[in-house]
Amino acid sequence: MILLLAAAILAAGPVEIWSGGELKSASAGLAAEAQAKAIAGKSIGAASVWRRSRSGEAELHKTKTDLIVIEDGSATLVFGGTIRGAHATQANEIRGTGIDGGESRKLGPGDVIRIPANTPHQFVLDKGQSVAYFALKLGP
């Protein structure tokens, strides 16, 4: 089961966003008790928590899939298109000043986003806005 979930997360495909409301609705029918298997100690990727109070750079990870959970605040995710001023910052990592021709989606608490490898993406924040999120980078 865990391997199937990991394969689905890492599979190529479009950016996927599950709203907090969709997740709440999906979990409404679950049993009150659940079991989980800890995966601590397994090397599945890098986990980090973020708090942004300004827009980030446009970025693209050639070999990593991002799985992000919005915890607080809001931001607009711009994804797809091409990175303006693209340049390598390290092996398999591209950054730039913005995204041309991408799609955008407003994000808020509870939203879950999967950004496949090789997908340009950027968090854009309005003045005075902030966003806090958990990010997991999956891949080789």
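The exercises below, each with a worked solution, concern a predicted model of a protein.

**Exercise 1. Overall make-up**

State how many helices and strands the protein has, and what share of its residues is buried.

*Solution.* Begin with the secondary structure, where the count comes to two helices and 13 strands. Turn next to accessibility, for which buried residues make up 34% of the 140 residues in the protein. Finally, look at how the chain contacts itself: among contacts with a separation of 6 or more, 83% are between residues 24 or more positions apart.

**Exercise 2. The nonpolar cores**

Find which residues of the largest nonpolar core touch the most other members, and which strands supply at least two residues each.

*Solution.* The largest nonpolar core has 15 residues, and those that touch the most other members are Ile68, Ile70, Leu77, Ile113 and Phe123. At least two residues of this core come from each of strand S4 (65-73), strand S5 (75-79), S11 and S13. Another core, of six residues, lies apart from it, with Val78, Ile83, Ile94 and Ile99 among them. As general background, nonpolar side chains in soluble globular proteins tend to be buried together.

To see one core member in detail, take isoleucine 68 and leave aside residues up to four places away in sequence; the residues that isoleucine 68 then touches are Asp111, Val112, Ile113, Ile115, Phe123, Tyr133, Phe134 and Ala135.

**Exercise 3. Salt bridges between strands**

For the salt bridges of aspartate 72, glutamate 59 and aspartate 66, name the partner and work out which parts of the chain are tied together.

*Solution.* The structure holds six salt bridges, and three of them are followed here one after another.

1. The side chain of aspartate 72 meets that of arginine 51, with an N to O distance of 3.7 Å. Because aspartate 72 belongs to strand S4 and arginine 51 to strand S2 (residues 45-52), this pair ties together parts that are 21 residues apart in sequence. Aspartate 72 is partly exposed, at a relative accessible area of 39%, while arginine 51 is exposed, at 55%.

2. Glutamate 59 is joined to arginine 95 by a salt bridge of 3.8 Å, N to O. Since glutamate 59 lies in strand S3 (residues 58-61) and arginine 95 in strand S8, the parts tied together are 36 residues apart in sequence. Both glutamate 59 and arginine 95 are buried. These two residues also take part in a network of salt bridges that links Glu57, Glu59, Glu93 and Arg95.

3. Aspartate 66 pairs with lysine 137, and their closest N and O atoms are 2.7 Å apart. Aspartate 66 is in strand S4 and lysine 137 in strand S13, so this salt bridge ties together parts that are 71 residues apart in sequence. Aspartate 66 counts as buried because its relative accessibility is 2%, which is under the 20% limit; lysine 137, with a relative accessible area of 25%, is partly exposed.

**Exercise 4. The second largest pocket**

Describe the lining of the second largest pocket by its residues, its elements and its chemical character.

*Solution.* The volume of the second largest pocket is about 270 Å³. Its lining consists of 18 residues, and Trp50, Arg52, Glu59, Tyr133 and Lys137 lie nearest its centre. Two or more lining residues are given by each of S2, S3, S4, S12 and S13, and the largest share, five residues, comes from S2. Divided by character, the lining holds seven nonpolar, five polar and six charged residues.

**Exercise 5. Residues in loops**

Locate asparagine 92, asparagine 118 and lysine 127 in the chain, and decide whether each is buried, partly exposed or exposed.

*Solution.* Asparagine 92 sits in the loop between strand S7 (87-90) and strand S8 (93-96), and has a positive phi of about 65° although it is not a glycine. Asparagine 92 is partly exposed because its relative accessible area is 37%.

Asparagine 118 is found in the loop between strand S11 (112-115) and strand S12 (121-124), and its phi is near 70°, again a positive value in a residue other than glycine. With a relative accessible area of 49%, asparagine 118 is partly exposed, given that exposed means over 50%.

Lysine 127 lies in the loop between S12 and strand S13 (131-138), and counts as exposed at 88% relative accessibility. As a last step, compare positions along the chain and in space: lysine 127 and serine 53 are 74 residues apart along the chain, and their C-alpha atoms are separated by 8.2 Å.

Terms used. Residues are numbered from 1 along each chain as its sequence is written. This is a predicted model: local features need pLDDT of at least 70, side-chain atom pairs count only at pLDDT 80 or more; totals for chains, interfaces and linings use all residues. Side-chain values use heavy atoms; hydrogens and water are left out. Helices (H or I, at least four residues) and strands (E, at least two) are DSSP runs, numbered from the N terminus. Buried means under 20% relative accessible area, exposed over 50%, partly exposed in between (1.4 Å probe, protein chains only). A nonpolar core is a set of buried Ala, Val, Leu, Ile, Met, Phe, Trp, Tyr and Cys residues joined through side-chain atoms within 4.5 Å. Contact means heavy atoms within 4.5 Å. A salt bridge is a side-chain nitrogen of Lys or Arg within 4 Å of a carboxyl oxygen of Asp or Glu. On a 1 Å grid over the protein atoms alone, a cavity is a set of points where a 1.4 Å probe fits but cannot get out, and a pocket is an open set with protein on both sides within 12 Å along at least five of seven lines; lining residues have an atom within 4 Å of a point. Grid points are joined across faces, edges and corners, and a volume is the space filled by probe spheres set on the points. Ala, Val, Leu, Ile, Met, Phe, Trp, Tyr, Cys and Pro count as nonpolar, Asp, Glu, Lys and Arg as charged, and the others, Gly among them, as polar.
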